[in-house]
Structure formats: structure tokens, C-alpha cells
Amino acid sequence: MEQQETVILITSCILIMLIAIMIFLFLIFQKRKNSLLLQQKEAEKKFEKAIAETQIEIREETLRNISWELHDNIGQLLTLAKIQVNIAQDDPNKLEEVTETITKSLTELRSLSKLINPDVIKKLSLTEAITLEIERFNRMQFIHASITANEEIEELDDKAEIIIFRILQEFFTNTIKHSKASTLNVTVHYDIEKLIINAKDDGIGFDHIDCSAKRGIGLSNMQNRGKLIDADVQLTSQKGKGTAIQLTYYYKNENSMALDHKVV
């Protein structure tokens with residue numbers, strides 16, 4: 001009888017211990033799960049904040065470009081038209097030149113309006129947005145720029161497009177402001193699994209080791225932005241031989257991007 005009571009007691013103790021262990025493990029699991037969910041929410045917030053900041057930067061850069069083009073391009077054309085009108089008062093044959101100048105001004109304004117109208121911008125694909133930048137460089141005669149692109153096989157996630165466009169916009173800005181380049185060539189290639197964008201200028205280039213802190217930060221920003229969407233960004237430069245960027249983005253990452261939101 002005593003033996004049975006002892007066995008029952010031991011069995012009860014074992015069961016109690018097992019239940020306690022299970023409860024303990026469940027609490028640990030729940031705590032870890034809550035911690036992971038909290039980390040995921042924080043990562044999502046940081047990712048959304050990064051996207052919002054990038055959109056603001058794109059708008060600011062676009063407005064600077066519009067202001068620049070209004071002053072240096074369209075403003076000069078209208079000033080020329082005014083001079084031509086004064087000359088045409090004495091020589092009516094010059095009116096044709098006035099018409100040509102005003103027509104060119106209107107054409108430039110129509111091109112510029114595409115950058116201002118948000119409804120137009122939303123409908124643009126990544127390739128079309130890059131092409132608008134290239135066309136602007138050529139209109140302003142900053143540099144001889146060209147773009148080669150194949151048909152878009154995959155429609156990109158809106159947030160990925162924003163990040164990729166900002167990376168290229170930063171590279172283009174560095175080329176215009178610092179490289180002293182005469183040409184800029186861009187290729188956009190879509191294949192079955194990835195997007196590859198190459199851009200190269202023929203500017204003065206720089207040494208990665210000796211590059212200034214300001215430029216180094218700019219190049220680092222491009223790579224860090226790429227990490228937001230798991231895009232690989234490679235920057236290469238050599239003194240006297242220009243600077244190049246290669247961006248590789250795998251479409252499959254879009255499926256996990258909303259879950260992971262890897263933020264730097």
C-alpha cells in the first residue's frame with residue numbers, strides 16, 4: 001500500500017514538474033515571439049520612415065532641378081525672345097526667329113510639366129522616370145547622356161522603384177556636380193529573375209581611399225539604400241577613367257520585402 005502511494009506521489013511530482021517545464025517553455029516561447037513581433041514592427045516603422053524620407057528627397061531634388069531649368073534654360077530662351085522681338089520691330093523678317101524661340105520655350109515647358117504633375121509621375125515606370133532625367137541633362141546641355149533599355153519583364157514594387165530611382169538620382173547628381181564628365185551612359189536590363197542597371201561617366205574619377213569625406217558619405221548612402229530592398233550596389237572609380245555604378249535587384253526579394261524590411 002505504501003509502495004503504491006509512493007509511486008503515485010512520484011508520478012504526481014513528475015507530472016507537476018513536466019507541466020511546470022511546459023508552462024515555463026511556453027512562456028519563454030511567447031516572450032520570444034512577442035519580442036520578434038515587436039522587432040518586426042520596429043523594422044517596419046523604420047522601413048516606412050526611410051521610404052518617406054526618400055520620397056521627400058526625390059521631391060526636393062526635382063524642385064531644385066525645375067528651378068534650375070526654369071532659370072538657366074527657359075528663362076534664357078524667353079530673354080532671347082524678348083531681344084528678338086525688339087529687333088523684329090525694325091526688321092519684320094526676324095519675326096520667324098521669335099516664333100521659333102517661343103515654340104522651343106513652350107516645348108521645354110511641356111517637358112518640364114511632366115516632372116511637376118504628380119499624376120503623370122505616378123504612371124511612369126522606372127525606365128521612363130530615368131529617361132526623363134536623361135532628357136533633362138541633354139536639354140540643359142550639362143552632359144551628353146544616353147539610355148538603353150529592354151522591355152520591362154517584371155513590374156516592380158512601388159517602394160523598390162522609389163529606392164532604386166533615388167540611388168540613380170544621387171549618382172547622376174554626383175556626376176553633374178563633381179565628375180567634370182562629358183558623357184553619361186545608362187543601361188537598364190530586365191531578365192527573368194533580376195534587374196541590372198549600369199551607369200558610367202567619363203569624368204575625372206577618384207581614388208576610393210583618397211576620396212573626400214563628403215563624397216564618401218554620398219557613395220555609402222547609395223549602398224545603404226540598396227540594402228533596404230536587398231539590392232546589390234557596386235561603385236567603381238579610377239582617377240582619370242570615370243565612375244560607374246552597377247545595381248542588381250532580384251524580383252524574388254519583393255515577396256519577402258514586406259515581411260523582412262531590412263533596415264540599415
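Here are some questions and answers about the aromatic pairs and their surroundings in this predicted model.

Q: How many helices and strands does the chain hold, and in what order do the elements run?
A: There are seven helices and five strands. From the N terminus on, the order is α-α-α-α-β-α-β-β-α-β-β-α.

Q: How many aromatic pairs are there, and what makes F137 and F172 one of them?
A: The structure holds three aromatic pairs. The ring centres of F137 and F172 are 5.7 Å apart, and rings pair if their centres lie within 6.5 Å, so these two count as a pair.

Q: Why is the pair of F137 and F172 called edge-to-face?
A: The angle between the planes is 85 degrees. Planes over 60 degrees apart count as edge-to-face, so the name fits this pair.

Q: Where in the chain do F137 and F172 sit?
A: F137 belongs to helix α4 (residues 126-140) and F172 to helix α5 (residues 158-179). With their positions 35 residues apart, the pair links distant parts of the chain. Ring pairs also join F137, F171 and F172 into a cluster.

Q: How do you know whether F137 and F172 are buried or exposed?
A: Buried means under 20% relative accessible area. F137 has 2% and F172 has 2%, so both are buried.

Q: What makes the pair of Y190 and Y251 stacked?
A: Their planes lie at 15 degrees, with the ring centres 6.5 Å apart. Planes under 30 degrees apart count as stacked, so this pair is stacked.

Q: Which parts of the chain does the pair of Y190 and Y251 tie together?
A: Y190 is in strand β2 (residues 183-190), while Y251 is in the loop between β5 (243-250) and α7 (253-260). The pair therefore ties together parts that are 61 residues apart in sequence.

Q: Why do Y190 and Y251 count as they do, buried or exposed?
A: The relative accessible area is 1% for Y190 and 6% for Y251. The cut-off for buried is under 20%, so both tyrosines are buried.

Q: Why is E152 called partly exposed?
A: Its relative accessible area is 28%. Partly exposed covers what falls between under 20% and over 50%, so E152 belongs there.

Q: Where is E152, and which residues does E152 touch?
A: E152 lies in the loop between β1 (144-149) and α5. Leaving aside residues up to four places away in sequence, E152 touches S125, L126, T127 and Y190.

Methods: Residues are numbered from 1 along each chain as its sequence is written. This is a predicted model: local features need pLDDT of at least 70, side-chain atom pairs count only at pLDDT 80 or more; totals for chains, interfaces and linings use all residues. Side-chain values use heavy atoms; hydrogens and water are left out. Rings of Phe, Tyr and Trp (its six-membered ring) pair if their centres lie within 6.5 Å; planes under 30 degrees apart count as stacked, over 60 as edge-to-face and the rest as tilted. Helices (H or I, at least four residues) and strands (E, at least two) are DSSP runs, numbered from the N terminus. Buried means under 20% relative accessible area, exposed over 50%, partly exposed in between (1.4 Å probe, protein chains only). Contact means heavy atoms within 4.5 Å.
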